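This briefing covers ring contacts and strand pairing in one protein model. The sequence and coordinates come first, and the notes follow by topic.

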Amino acid sequence: MTFKQKIKQHHLVLLQDKIDVYQDMISGLSEDAQNDAKGSAGDKHETALSMMHLEQEKLTNKLKETIVLKEILEKIDVSKTTTTIFLGSYVTVNSIQLFISAALPKINIEGVTVLSISPQSPLGSQLMGKKQGDIVFVNETSFTIHQVL
């Protein structure tokens, strides 16, 4: 398994774990609401149900966002390599290791810290289409591209 494949796989596992947690929390809230409906009445009951419903909506939105991130990641072909930066590139700028994919948490693979950034992010948008040796600027900071895989 290549380093890029390990990065992708690690993120897919993390995202699937998040999806599972959100789904469990949503179904737990649904069960609580059904159980609460059987034995309660009055304003307190209505307020509690309303709060549960709001929490369920928040979790559903987070679930949808996480599913979108996972779908983006699944579409990336990490076996593809080129000299120009594109979606799925593994890039070294200055001393930072970047995976151009989606805005995902920082991870550590084989002792290497990897930041996954979106091509729409300020740095990601500047890097797209660039090559090794190019220099890009973001907020008056220069980033030299040392490696593109």
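How many aromatic pairs does the structure hold? The structure, which is a predicted model, holds one aromatic pair. That pair is formed by Phe-3 and Tyr-90 in an edge-to-face arrangement. The other main topic is an open sheet of six strands with mixed pairing.

**Ring contacts**

- The ring centres of Phe-3 and Tyr-90 are 5.2 Å apart, and their planes make an angle of 70°; the pair counts as edge-to-face because planes over 60 degrees apart are classed that way.
- Phe-3 belongs to helix H1 (residues 3-39) and Tyr-90 to strand S1 (residues 90-93), so the contact ties together parts that are 87 residues apart in sequence.
- Phe-3 has 21% relative accessibility and counts as partly exposed, whereas Tyr-90 has 6% and counts as buried. The cut-off for buried is under 20%, so Phe-3 at 21% falls outside that class.
- A charge over a ring is found at Phe-86: the charged end of Lys-80 sits over this ring, 5.1 Å from its centre.

**Sheet layout**

- The strand order in the sheet is S3-S4-S2-S1-S6-S5.
- Which strands stand at the edges? Strand S3 (104-109) and strand S5 (135-138) do, each with a single partner strand, so one side of each has no neighbour in the sheet.
- On average, neighbouring strands of this sheet are turned by 35° against each other, direction ignored.
- Strands of a sheet pair through backbone hydrogen bonds, in either a parallel or an antiparallel sense.

**Pairing of S1, S2 and S4**

- S1 and S2 are antiparallel and share four bridges, with Val-93 having Ile-96 in S2 as its bridge partner.
- The hairpin of S1 and S2 has two residues between the strands, and Asn-94 in this hairpin takes a positive phi near 50°.
- Strand S2 (residues 96-100) is mostly covered, with four of its five residues buried.
- S2 runs parallel to strand S4 (residues 112-117), and four bridges join them. In S4, Ser-116 stands opposite Phe-99.

**Pairing of S5 and S6**

- S5 pairs with strand S6 (residues 141-148) in the antiparallel sense, over four bridges.
- Thr-141 in S6 is the bridge partner of Val-138.

Notes
Residues numbered from 1 in each chain as written. Predicted model: local features only at pLDDT ≥ 70, side-chain atom pairs only at ≥ 80, totals over all residues. Heavy atoms only, no water. Phe/Tyr/Trp six-rings, centres within 6.5 Å; stacked < 30°, edge-to-face > 60°. Buried < 20%, exposed > 50% of the residue type's maximum accessible area, 1.4 Å probe, protein only. Lys NZ or Arg CZ within 6 Å of the ring centre and 35° of its normal. Pairing = 2+ DSSP bridges. Axes fitted to C-alpha atoms, helices over the stretch in contact; angles between N-to-C directions.
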